[in-house]
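Got your viewer open? Load the model, get ready to click around, and let's take the tour.

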Amino acid sequence: SAVPSFLCQVSAWLLINSAKKEHIMSASLNMQNLHNIWRKVAYASLLQYWCQATTQYTSTTLRRATKLFCIDVDTKLLSEVPSRKFFADILKQVIVKHVT
């Protein structure tokens, strides 16, 4: 009786962790899609600048557009579990960051 119970617990653990992994992957993909909104606009701006070869864009505009393609890689390990963040809150932060 112990073996079937153990197998049931292992199966449940695998199922739960699989669902958690899928949720994390989905959130990660949503974040990539969110950041790509501004990257696409920046890329179009850069492409238009180089194709037209005009000076209508200021260096500030080009610097801001180019900066969107730089990704900071954080290699710090946290000593505690990070608090849960809702996607709507992250979305608001990103919009404020890119609109201002």
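Helices here are DSSP runs of H or I with at least four residues, strands are runs of E with at least two, and both are numbered from the N terminus. Now select alanine 44: you've landed in helix α1. Alanine 44 counts as partly exposed because its relative accessible area is 41%, and the scale goes like this: buried is under 20%, exposed is over 50%, and partly exposed is in between (1.4 Å probe, protein chains only). Next, add alanine 65, 21 residues further along the chain; the two C-alpha atoms are 9.2 Å apart.

A quick note on what you're looking at: this is a predicted model, where local features need pLDDT of at least 70, side-chain atom pairs count only at pLDDT 80 or more, and totals for chains, interfaces and linings use all residues. Residues are numbered from 1 along each chain as its sequence is written, and side-chain values use heavy atoms, leaving out hydrogens and water.

Colour by pLDDT, the predictor's confidence in each residue, from 0 to 100. The chain averages 79, and 84% of its residues score at least 70. Where is confidence highest and where is it lowest? Helix α1 (residues 2–52) is at the top with a mean of 84, while helix α2 (residues 59–67) is at the bottom with 69. Where pLDDT is low, don't read the predicted coordinates in detail.

Stay in helix α1 and pick tryptophan 13. At 55% relative accessibility, tryptophan 13 is exposed.

Finally, zoom out. The chain has 3 helices and 0 strands, in the order α-α-α along the sequence. Of its 100 residues, 13% are buried.
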